[in-house]
Amino acid sequence: MSMALQWVVTSTSLEVSSSMGFLDSVRDVRLLDSSKFMSRDFGSIRAKRDKRRKFRYCSLNTDMKYASVGQSGLENASNFPLLSNVLANPTAGGEVAVSSEKKVYDVVLKQASLVKRKLSSTTELDMKPDIAMPGNLGLLTEAYSRCGEVCAEYAKTFYLGTLLMTPERRKAIWAIYVWCRRTDELVDGPNASHITPSALDRWEARLEELFQGRPFDMLDAALSDTVSNFPVDIQPFKDMIEGMRMDLRKSRYKNFDELYLYCYYVAGTVGLMSVPVMGISPDSQATTESVYNAALALGIANQLTNILRDVGEDASRGRVYLPQDELAQAGLSDEDIFAGKVTDKWRNFMKSQIKRARMFFDEAEKGVTELNEASRWPVWASLLLYRQILDEIEANDYNNFTKRAYVSKAKKLFSLPTAYARSMVPPSRKLSPVMKA
């Protein structure tokens, strides 16, 4: 199951490798000229490091804000409603079992706190990043251009929206998009059958290197520069790779708690990566944690939509990304899914699943309004388009076994003015936390 990049509106695959050894050599990546790949010693983008490595920031316009910090410090978790309660069932060792949403919520708190800490020193905001030396400035510029090409080809609607962003934000979002796309293709692309857990381990080691300013290739260089310019943390990236590991070893999810964790890994993480780049409106009164929660909700909503759209496709590969306990409660089983027959039981089951996805979209909408004005349109566009996939599933009489729900080009074009109009709505005074269906 491919991850739900928040802005992906096409289903075309990006070929990121040509052989089993792609993690050792990516010279055949499509859209890149192999002669222009940089070596692992692309050290000119390397950030200065000491015992307390700091993020550096680009010199941006004065209206640029990465996050709203109207309230000092991280809100006490006890005063901020959790996404869901801790499971009450104690384990054999006397420990309390913690729900997946609580685990993810802890990550959200950490990411929001990180951004606040990075913004606490005004001196850092005026410092420029340690970017490429003169001899490699052209390569870095080309690296971002290549990322833009990939985004333009495989996420056309979102790409158009990014053109309204400031150049610094736009390039950074392209770099994040491409890394996520490449990561997804490891287990869902044309060479997925050759990918092993050790290959993912190497990919993660490579991620750590680029965060230390030692990118392997041109596309890595763009992301390495991005994470030196914005307060982007490595944890969501590592969590996404963990989601790829889950795809290698797991093809069933016994309940929604398990499925939720998977959705966070492969899609919710995108929101946590993106918020520090997209920025929060200077007029927003929402807490940073609330905005991160809304971004998380959008990723969860998109991935749930992917799952509901691709039931038949996943079943053909022996995969069922639906809560087993809820299937059983509806009088259904894996055999019914493999049979691919639309029944009243299936329709009723799908109605409940679609309702849950829409609830996550509802929560996500609140957070989009809180983003920086220049960043809202592409997010609104992708949200509205992805949400319409649920409408198409219903229009297909819940036949997601043999019919693929998609949004027509006409509907996509019609949605763009609506998305733009919504992007002009100013932030609200208060943002509620995302709640679990």
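**Aromatic pairs, charges over rings and a helix crossing**

In this predicted model, Tyr 321 has a relative accessibility of 2% and therefore counts as buried, the cut-off for that class being under 20%. Tyr 253, at 0% relative accessibility, likewise counts as buried.

A pair of aromatic rings is described by the distance of the centres and the angle of the planes. By the centre-distance rule, the count for the model comes to 14 aromatic pairs. One of these is formed by Tyr 253 and Tyr 321, whose rings are stacked, with 5.8 Å from centre to centre and 25° between the planes. The two residues belong to distant parts of the chain, 68 residues apart: Tyr 253 lies in the loop between helix H8 (235–249) and helix H9 (256–278), while Tyr 321 lies in the loop between helix H11 (311–315) and helix H12 (324–329).

A second pair is made by Trp 377 and Tyr 420, whose ring centres are 5.5 Å apart and whose planes stand at 80°, so that the pair is classed as edge-to-face, planes over 60 degrees apart being assigned to that class. Because Trp 377 is located in helix H15 (residues 373–395) and Tyr 420 in helix H16 (residues 409–423), this pair ties together parts that are 43 residues apart in sequence. With a relative accessibility of 18%, Trp 377 counts as buried, whereas Tyr 420, at 41%, counts as partly exposed. Elsewhere, Trp 179, Trp 203, Phe 211 and Phe 237 are linked by ring pairs into a cluster.

Charged groups are also placed over aromatic rings. The charged end of Lys 171 sits over the ring of Tyr 144, at 4.8 Å from the ring centre, and the charged end of Arg 356 sits over the ring of Phe 256, at 3.9 Å from the centre of that ring.

Helix H15, which carries Trp 377, also takes part in a helix crossing. The axes of helix H10 (residues 288–309) and H15 come within 10 Å of each other and cross at roughly 35°, and the crossing in which H10 passes H15 is left-handed. On the H10 side, the contact is made by Leu 298, Asn 302, Thr 305, Asn 306, Leu 308 and Arg 309, and on the H15 side by Val 379, Leu 383, Tyr 386, Ile 389, Leu 390 and Ile 393. By residue class, the contact of H10 with H15 comprises 8 nonpolar residues, 3 polar residues and 1 charged residue.

Notes:
Residues numbered from 1 in each chain as written. Predicted model: local features only at pLDDT ≥ 70, side-chain atom pairs only at ≥ 80, totals over all residues. Heavy atoms only, no water. Phe/Tyr/Trp six-rings, centres within 6.5 Å; stacked < 30°, edge-to-face > 60°. Helix = DSSP H or I, 4+ residues; strand = E, 2+ residues; numbered from the N terminus. Buried < 20%, exposed > 50% of the residue type's maximum accessible area, 1.4 Å probe, protein only. Lys NZ or Arg CZ within 6 Å of the ring centre and 35° of its normal. Axes fitted to C-alpha atoms, helices over the stretch in contact; angles between N-to-C directions. Left-handed = near helix turned anticlockwise from the far one by under 90°. Contact = heavy atoms within 4.5 Å. Nonpolar A, V, L, I, M, F, W, Y, C, P; charged D, E, K, R; others polar.
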